[in-house]
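Hi everyone, thanks for making time. I'd like to walk you through a structure that may be new to you, so settle in and let's have a look.

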Amino acid sequence: MIVRTRYAPSPTGALHIGNVRSGLFAYLFARHQNGTFVLRIDDTDAERSTKESLDEILESLRWLGVEWDEGPPALGYFQSNRFDRYREGATRLLREGKAYPCYCAAEQLEAMRRQAEREHRKPGYDGRCRERTPASELAKIALPDRSAGRNYTIRFRAPQAGQTVVEDLIKGRAVFDNSELDDLIIFRSDGVPTYNFATVLDDADFKMTHVVRGDDHLPNTPRQMQIFYSLGFQPPAYAHLPMVMGPDGQKLSKRHGATSVFAYRDLGYFPEALLNYLVRLGWSHGDQEIFSKHEMIEYFDFANCGKSAGIFNAEKLLWLNFHYLKQRPVEQLAREVRPFIEKRGWAVPGDQKWLERMVSTLRERAKTLVELADFAGFYVKDEIALDPKAAAKFLKPEIAEPLKVLSKELQALDGDFSEASIQSAFERVLAKFKMKLGQLAQPVRVALTGGSVSPGIYEVIAVLGRERTVTRLSHAIESIARQS
């Protein structure tokens, strides 16, 4: 058997990280089995589906490195282009007596639900239209079409006796009494197929062998299996992943912070970090925490997927991102941080080597590209603002003269402005004024960066360059003079 898995997002919004985890696991299983990974777009909801959402989904998957073997841009992988197939399937079920029209109004269905609640029963359709249309007439029933006055739904005639057994690859065996499963709608009154019907035909036609999805879909599975059987198809194997929860134990949502793939991209996270975090959110391989994509594919199996909900831990994700930032080649990191700096309206020199030197001084301090860009501010801004507390503490009148002498020493370094020559200039000033390094370095740091925390002062000066260093020292000296 050639393994075929799929991921089927709806283009009705941003790609949620809890949802994309199902796609990631389906992808890893297909790759591990040398199978095929299919991307299908569930866009039957015409009102809410947008091109912007579709583009974001595709770009999010590309950014994560989850490439598909079959799918967009091929039109056949969009549900909106398969309505004729869904109509054909529903018409067949009607003709064979496995589906029937339901004429119940919304008010009647709501009354059924309330009655079930009063009687402490599971809400469900009571089957009142199940035998309303004679079997001999079912083949003549046209599919719903409000514009043609056919304002009814089509329901699947589910078996009422026996059991449907789901042998889940993660959850284990789940047994459902058919008497508890009501007749679900497969075509709405507006002529649009429902999810449970369309996805069965898609999975059958595209020969899916395994379906990986969240366990919120588990109640749908026996219903879908019954539709598979009624159409003469063998259902795929199912693997239902536990949901991703927030730290408060509630379903992950916007109140827990960023939840979309693009949100984390824009916050300066790396795709490798997000991928690594998501794969560990419900799967393990011994005590290993850091996985390359190759290792994820090599080791992945359903046997090591957890059965309990995964708790989203933002600090753990940040720790992973910090790991990948430190491991990144400085040339790549410089290219990646450039747009984050430019987004702030700061001019970045075109000299790639200079940018790499700058990044090298900051990479041990930042955990994301956003933080790295923020830390780079004093390097790339034309002017910096002095932190009032730092200036009051370190830029005092007695430091003005040492700063003037240091400025002259640095100006004199014409051909060699290396860290070593800068250190020598400092040492001459320290000797002249009988000062310790911290007594001079901290005021210089405030003058050059605006604050009292920065990379090593020699490397900061070497990256800033002689002209900007001298200019900022002059401004600091003027600021001290104005206080006197």
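I'll go through the pockets, then a few residues around them, and then some strands, helices and odd backbone spots. One thing up front: this is a predicted model.

Okay, pockets. Rolling a probe the size of a water molecule over the atoms shows where empty space is left. Here, the largest pocket comes out at a volume of about 940 Å³. It has 36 lining residues, and the ones closest to its centre are P9, S10, N19, D216 and H217.

Which helix gives the most to that lining? It's α1, with four residues. Elements supplying at least two residues each include β1, at 4-7, and α1, at 17-32. You can add α6, at 195-205, and β8, at 210-214, to that group. As for the character of the lining, we have twelve nonpolar residues, 14 polar and ten charged.

Then there's the second largest pocket, with about 330 Å³ of space. Twenty, or in digits 20, residues line it, and nearest its centre you find G124, Y125, D126, S179 and D182. By class, that lining splits into six nonpolar, six polar and eight charged.

Let's stay with D182 for a moment. D182 sits in the loop between β6 and β7, the latter being 185-187. What does the side chain of D182 reach at 2.7 Å? The backbone nitrogen of Y125, and Y125 is another of the residues nearest the centre of that second pocket. The D182 side chain also makes a polar contact with the side chain of R223, at 2.8 Å. If you skip the neighbours within four places in sequence, the contacts of D182 are G124, Y125, A158 and R223.

Now for an arginine, R157. You'll find R157 in the loop between β4, residues 153-156, and β5. Is R157 buried or exposed? It's buried, because its relative accessibility is 18% and the cut-off for buried is under 20%. Its side chain reaches the backbone oxygen of G97 at 2.8 Å. There's also a polar contact of 3.3 Å between the side chains of R157 and E131. Leaving out residues up to four places away in sequence, R157 touches a whole list, including K98, A99, Y100, L138 and D183.

Following the chain on from there brings us to the strands. In a regular strand the side chains alternate between the two faces of the sheet. Strand β5, residues 163-168, has T164, V166 and D168 on its covered face, while Q163, V165 and E167 make up the uncovered one. β5 pairs with β6, residues 172-177, in the antiparallel sense, over six bridges. One of the residues to look for is E167, whose bridge partner in β6 is R173. And how many residues are in the hairpin connection from β5 to β6? Three.

Next, a helix: α13, residues 352-362. Its buried residues are W354, L355, E356, M358, V359, T361 and L362. Those buried residues pack against several other helices, among them α12 (330-343), α14 (369-375) and α21 (466-483). At the N-terminal end of α13, D351 acts as a cap, with a side-chain oxygen 3.0 Å from the backbone nitrogen of K353.

Finally, the odd backbone spots. Most residues other than glycine have a negative phi, and most peptide bonds are trans. Against that background, P72 and P73 are joined by a cis peptide bond, with omega about 10°. P73 is in the loop between α2, at 51-64, and α3, at 83-95.

Then we have positive phi values. H120 has a phi near 55°, and its place is the loop between α4 (106-118) and α5 (135-138). H120 counts as exposed, since its relative accessibility is 76% and exposed means over 50%. K434 also has a positive phi, near 55°, and it lies in the loop between α18 and α19, the latter at 437-449. K434 is exposed too, with a relative accessible area of 75%.

One last stop, in helix α18, residues 419-433, is A420. A420 is exposed at 54% relative accessible area. How far apart are the C-alpha atoms of A420 and Y103? They are separated by 87 Å, with their positions 317 residues apart along the chain.

That's my tour, thanks for listening.

Technical notes: Residues are numbered from 1 along each chain as its sequence is written. This is a predicted model: local features need pLDDT of at least 70, side-chain atom pairs count only at pLDDT 80 or more; totals for chains, interfaces and linings use all residues. Side-chain values use heavy atoms; hydrogens and water are left out. On a 1 Å grid over the protein atoms alone, a cavity is a set of points where a 1.4 Å probe fits but cannot get out, and a pocket is an open set with protein on both sides within 12 Å along at least five of seven lines; lining residues have an atom within 4 Å of a point. Grid points are joined across faces, edges and corners, and a volume is the space filled by probe spheres set on the points. Ala, Val, Leu, Ile, Met, Phe, Trp, Tyr, Cys and Pro count as nonpolar, Asp, Glu, Lys and Arg as charged, and the others, Gly among them, as polar. Buried means under 20% relative accessible area, exposed over 50%, partly exposed in between (1.4 Å probe, protein chains only). Two strands pair if DSSP finds at least two bridges between them. A polar contact is a pair of N or O atoms within 3.5 Å; within protein, one must be able to donate a hydrogen and the other to accept it, and residues adjacent in sequence count only if both atoms are side-chain atoms. Contact means heavy atoms within 4.5 Å.
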